Amino acid sequence: MSAPAPQNADLVYRLEDKPPFANALLSAVTHLLAIFVPMITPALIVGGALKLPPEMTAYLVSMAMVASGIGTFLQVSRFGPVGSGLLSIQSVNFSFVGVMIALGSGMKEQGMDVHAVMSALLGIAFCGAFLVAASAWLLPYLEKVITPTVSGVVVMMIGLSLIGVAITEFGGGFAALADGSFGSLRNIGLAAFVLAVVLLFNCLKNPLLRMSGIAVGMVAGYLAALYLGMVDFSVLRGLPPVTVPQPFKYGFDFRPVPFLVAALVYLLSIFEAVGDLTATAMVSGEDYEGAEFRKRLRGGVLADGLVSVIATALGSLPLTTFAQNNGVIQMTGVASRHVGRYIAAILVLLGLFPVVGRAFTTIPSPVIGGAMVLMFGLITVAGVRILMSHGINRRETVIAATSIGLGLGVSFKPEVFDLLPLKELFQNPICMGGTAALLMNLLMPRDGGSRVYLSDDLEV
């Protein structure tokens, strides 16, 4: 029996309504404001950390937009068993940023050139995406293994591991580390200015302005960088008029040990998608329990996996369903899935013009770092919220504390596990923390003690 759909009197357009062109386009642009910066930033961060050539980073950005457009179209259109049929927007999965940087840096240390590194990273991500697609039919069983404790620890480790990258960008990035300008007053001042603008907008009462804060902060920082002469436009010369997507542009390589690290992140991204799709159904006034909703959920997760297959084949980082757009639905009252097709078309068009992708590579590192310090901190806090979502008892506190200690510990001293076989699995903080939480959750005896919540004090 299906649960009754929640009545949402604030909805202007419900799921199957077709808004007029002007209204649909305005709603689409509003959604794009919520996801555009988070969508292109992972490619910029990975490109900077791995010291990829500008044209390679630009291609990653372009394909992120193209793949996000294709994925959004699949999700909202619901072709047979594929897609949720909700206004679910696909964008680049931040969970893979730290993993890609760690694995790619290790490959470069082994002497691989950047093309071979990208071939291996995208090959691993391509194969891992099939795990997500296959898991769509295993959701009831996975929920018994991946509890909020395990998911919360992994999300916290994702945020904590990325903060190191963010603060590096804050001080000027990896290029500044090489030329000795890291931490200069100019770099720190520019990053602090961006952060201040983002925080200022976050204090405003208007929901649209709050949601646009990161984008506005980066635009303001970019203009300030222009004034300071920190923007190099030479990379925009001699560009072709159109970017033609090329499947496996950098070749295809598969490495089993790094694949195991990526596989864990993929496994946990499934539950991120489940949470986002459930929230989308709720704010859209649709059923969020029962047989029909389970079909939507299965279709949404299946689409998540297939879209990541397409994305990584084209040369983008993996994709996932974005939670930010649920806030846009609540704010605008537009839950029509037909708006998603406008979003998809805009993203694909933007991605096909190389000047768009290459222009983003001109953003100075401090501008990115000023926004990312807050964003990655928020990911960490989101992990805490997941961990506490169903309350927490003494057993789960011990699991979380041990897992975070091990995960954060190897981020400081990865060489501690140099003598172990498959050391890459133990030296990645996300994999170390997530695996520890998963094993402890399976092996430690259950504790029937009382639970405490965020408003309570918790003692071990």
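What is the handedness of the crossing of H4 and H11? In this predicted model, the crossing of H4 and H11 is right-handed. Two packed helices are described by the angle between their axes and the distance between the axes. For helix H4 (residues 114–135) and H11, the axes come within 9 Å and cross at roughly 35 degrees.

The residues that form this contact can be followed along both helices. H4 contributes Ile124, Ala125, Cys127, Gly128, Ala129, Leu131, Val132 and Ser135. On the side of H11, these residues meet Pro258, Phe259, Ala262, Ala263, Tyr266, Ser269 and Ile270. Sorted by class, the contact of H4 with H11 holds 12 nonpolar and 3 polar residues, and no charged residues.

Helix H11 (residues 256–283) also packs against H19, at an angle of about 60 degrees and with the axes 10 Å apart. H11 and H19 are therefore oblique to each other. Here the crossing is left-handed. From H11 the contact draws on Val261, Leu264 and Val265, while H19 supplies Ile430, Cys431, Gly434 and Thr435. The class division is 5 nonpolar and 2 polar residues, again with no charged residues.

H19 leads on to the second largest pocket, since helix H19 (429–443) is among the elements that give two or more residues to its lining. The others in that group are helix H3 (95–109), helix H6 (148–170), helix H17 (394–412) and helix H18 (423–427). The pocket has a volume of about 1000 Å³. Its lining comprises 31 residues, of which Ile101, Ala102, Leu103, Ser105 and Gln427 are the closest to the centre. Which element provides the largest share of the lining? That share, 9 residues, comes from H3. In terms of class, the lining of the second largest pocket divides into 17 nonpolar, 10 polar and 4 charged residues. Charged residues thus appear in this lining, whereas the contact of H11 with H19 has none.

A further helix pair is found towards the N terminus, where helix H1 (residues 21–49) and helix H2 (residues 54–77) pack together. Their axes come within 9 Å and cross at roughly 150 degrees. H1 and H2 are therefore roughly antiparallel to each other, angles over 145 degrees being counted in that class. The crossing of H1 and H2 is right-handed. In H1, the residues making the contact are Phe36, Met39, Ile40, Ala43, Leu44 and Gly47. Their counterparts in H2 are Thr57, Leu60, Val61, Ala64, Met65 and Ser68. This contact has 9 nonpolar and 3 polar residues, and no charged residues.

Key: Residues numbered from 1 in each chain as written. Predicted model: local features only at pLDDT ≥ 70, side-chain atom pairs only at ≥ 80, totals over all residues. Heavy atoms only, no water. 1 Å grid on protein atoms, 1.4 Å probe; cavity = no way out; pocket = protein on both sides within 12 Å on 5 of 7 lines; lining within 4 Å. Points joined across faces, edges and corners; volume = space filled by probe spheres on them. Helix = DSSP H or I, 4+ residues; strand = E, 2+ residues; numbered from the N terminus. Nonpolar A, V, L, I, M, F, W, Y, C, P; charged D, E, K, R; others polar. Axes fitted to C-alpha atoms, helices over the stretch in contact; angles between N-to-C directions. Parallel < 35°, antiparallel > 145°, perpendicular 65-115°, else oblique. Left-handed = near helix turned anticlockwise from the far one by under 90°. Contact = heavy atoms within 4.5 Å.
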